[in-house]
Amino acid sequence: MSRESRRTPFLPPRWFIHFFWRAHRALYGVTRGRIGLSRPKDRTHWGTMRLTTVGRRSGRERSVMLGYFEDGPNLVTLAMNGWGAGEPAWWLNLQAQPSATVEVSGSRTQGVRGRAASGEERVRLWERWREIDRDLDAYAALRPAETAVVILEPR
């Protein structure tokens, strides 16, 4: 492990992370989707999508904004919960009901089926995320459990 990946990365306080998530969603809502979603620019940048799942307890639709990159026809994201402990609710919902919808920039909405990457596929996709974020391993080390690499396959 290089010296660079051993340093503790900066994480803003949890209240700021939650505030930013809410502000991002509000901006998306106020602009009716014109601002808030983006496609990945190249191999070194991620895009932002809106994932809508069905709540595992409520049965209601739940939406969240997530970073992603494209892997062929699939969209790939991380179940990281702002690098905090615990699994994000959207990932628990997706595990209970794998069918969901995503909206990416350009008002493109599509049905997807979510699953966790495993084995060689997970290693390959994790390496791809490391191209985007050089501090990925240091951030992941802040979590008590392994961070799932989530693949959203078109339905």
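Does Ile-151 count as buried or exposed, and at what relative accessibility?

**View 1. Ile-151 in its strand.** In this predicted model, Ile-151 sits in strand E6, which spans residues 148-154. Its relative accessibility is just 1%, so Ile-151 counts as buried, the cut-off being under 20%. Setting aside residues up to four places away in sequence, Ile-151 touches Asn-74, Leu-75, Arg-113, Gly-114, Arg-115, Ala-117, Glu-121 and Leu-125. Arg-122 is 29 residues away along the chain, yet its C-alpha atom is 9.5 Å from that of Ile-151.

**View 2. The buried face of helix H3.** Here we're looking at residues 89-96, where Trp-90, Trp-91, Asn-93 and Leu-94 are the buried ones. Down the helix axis they fall within an arc of 160 degrees, so they line one face of H3. And what covers them? The cover includes strands E1 (47-54), E2 (61-71), E3 (74-79), E4 (99-104), E5 (108-116) and E6 (148-154).

**View 3. The largest nonpolar core.** This one has 17 residues, and Met-49, Leu-51, Trp-90, Val-150 and Leu-152 have the most contacts inside it. Two or more residues come from each of E1, E2, E3, H3, E4 and E6. Zooming in on Val-150, and skipping its neighbours within four places in sequence, we find contacts with Leu-75, Val-76, Thr-77, Ala-79, Trp-90, Trp-91, Leu-94 and Arg-115.

**View 4. Another core, set apart.** Apart from the largest core lies another, of 14 residues. Leu-78, Leu-125, Ala-140 and our opening residue, Ile-151, are among them.

Key: Residues are numbered from 1 along each chain as its sequence is written. This is a predicted model: local features need pLDDT of at least 70, side-chain atom pairs count only at pLDDT 80 or more; totals for chains, interfaces and linings use all residues. Side-chain values use heavy atoms; hydrogens and water are left out. Buried means under 20% relative accessible area, exposed over 50%, partly exposed in between (1.4 Å probe, protein chains only). Helices (H or I, at least four residues) and strands (E, at least two) are DSSP runs, numbered from the N terminus. The arc is that of the directions from the helix axis to the C-beta atoms. Contact means heavy atoms within 4.5 Å. A nonpolar core is a set of buried Ala, Val, Leu, Ile, Met, Phe, Trp, Tyr and Cys residues joined through side-chain atoms within 4.5 Å.
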